[in-house]
Amino acid sequence: MTTVELSPGASHAVELPGRGSAGYAWEFSVEGDAACIAVVPVQGPLPGAAAVPSNVSHAARFELRALRAGRARVLFQLRRPWETTPLADEKVNVDVEVRG
């Protein structure tokens, strides 16, 4: 588990390994004070990043944006959209504390 401390208006990038070529996608949910942060999926390559072939999985990126003071936990799970159960060993939790 990762813990992040932010001030309102600040953000933190989360990068997760991609497995899109196998049909998997990262999903997220927020526990606790969900109004203190926004979780925003980031699309496209990073500025200055080398081109990645289309048949290779790309990393999934999310931006955690601090909105107001509070505490929340973001739960990321890797699963195929047509399956109901996520991969048990592919979960990432990020605890976020927004101070200010």
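A residue counts as buried when its relative accessible area is under 20%, as exposed when that value is over 50%, and as partly exposed in between. Glu 97 has a relative accessible area of 16%, so this residue is buried. Keep that residue in mind. The model discussed here is predicted.

Start with the overall plan. The protein chain has seven strands and zero helices. Read from the N terminus on, its elements run β-β-β-β-β-β-β. The chain has 100 residues, and buried residues make up 28% of them. About 6100 Å² of the protein chain is exposed. Carbon and sulfur atoms supply 52% of that area. Now consider the contacts with a separation of 6 or more: 75% of them join residues that lie 24 or more positions apart.

Next, the sheet. Strands E2, E5 and E4 form an open sheet in the order E2-E5-E4. The pairing is antiparallel. Strand E2 (11-16) and strand E4 (37-42) are the edge strands, each pairing on one side only. From one strand to the next, the twist averages 25°. Look at one of these pairings in detail. E2 pairs with strand E5 (residues 60-66) in the antiparallel sense, over six bridges. Ala 13 has Glu 63 in E5 as its bridge partner.

Now turn to the nonpolar interior. The largest nonpolar core has 20 residues. Which of them touch the most other members? They are Ile 37, Phe 62, Leu 64, Phe 76 and Val 96. Several strands supply this core. Strand E1 (2-6), E2, E4, E5, E6 and E7 each give two or more residues to it.

Leu 64 gives a view of the packing. Leave aside residues up to four places away in sequence. Leu 64 then touches Leu 6, Ala 10, Ser 11, His 12 and Val 14, among others. Its contacts also include Ala 38 and Val 39. Further along the chain, Leu 64 touches Val 74, Phe 76, Val 94 and Val 96.

The charged side chains come next. How many salt bridges does the structure hold? The count is nine. One of them joins Glu 27 and Arg 79, with the closest N and O atoms 2.8 Å apart. This pair links distant parts of the chain. Glu 27 is in strand E3 (residues 25-32) and Arg 79 is in strand E6 (residues 70-79), 52 residues apart. Are the two partners buried or exposed? Glu 27 counts as partly exposed, because its relative accessibility is 33%. Arg 79 counts as buried, because its relative accessibility is 17%.

Go back to Glu 97, which lies in strand E7. Not counting residues up to four places away in sequence, Glu 97 touches Val 4, Glu 5, Leu 6, Gly 70 and Arg 71. With Arg 71, Glu 97 forms a salt bridge whose closest N and O atoms are 3.4 Å apart. Arg 71 lies in strand E6 and Glu 97 in strand E7 (residues 91-98), so this pair ties together parts that are 26 residues apart in sequence. The partners differ in cover: Arg 71 counts as exposed at 58% relative accessibility, whereas Glu 97 is buried at 16%.

Glu 97 has another salt-bridge partner in Arg 99. Here the closest N and O atoms are 3.0 Å apart. Arg 99 counts as partly exposed, because its relative accessibility is 47%. Salt bridges that share partners join Glu 5, Arg 71, Glu 97 and Arg 99 into one network.

End at a loop. Ala 22 sits in the loop between E2 and E3. Its relative accessible area is 35%, so Ala 22 is partly exposed. Ser 57 is 35 residues away from Ala 22 along the chain. In space, the C-alpha atoms of Ala 22 and Ser 57 are separated by 8.1 Å.

Note on methods
Residues numbered from 1 in each chain as written. Predicted model: local features only at pLDDT ≥ 70, side-chain atom pairs only at ≥ 80, totals over all residues. Heavy atoms only, no water. Salt bridge = Lys/Arg side-chain N within 4 Å of Asp/Glu carboxyl O. Helix = DSSP H or I, 4+ residues; strand = E, 2+ residues; numbered from the N terminus. Buried < 20%, exposed > 50% of the residue type's maximum accessible area, 1.4 Å probe, protein only. Pairing = 2+ DSSP bridges. Axes fitted to C-alpha atoms, helices over the stretch in contact; angles between N-to-C directions. Contact = heavy atoms within 4.5 Å. Areas by Shrake-Rupley, 256 points an atom, 1.4 Å probe, with all protein chains shown as cover. Core = buried A, V, L, I, M, F, W, Y, C linked by side-chain atoms within 4.5 Å.
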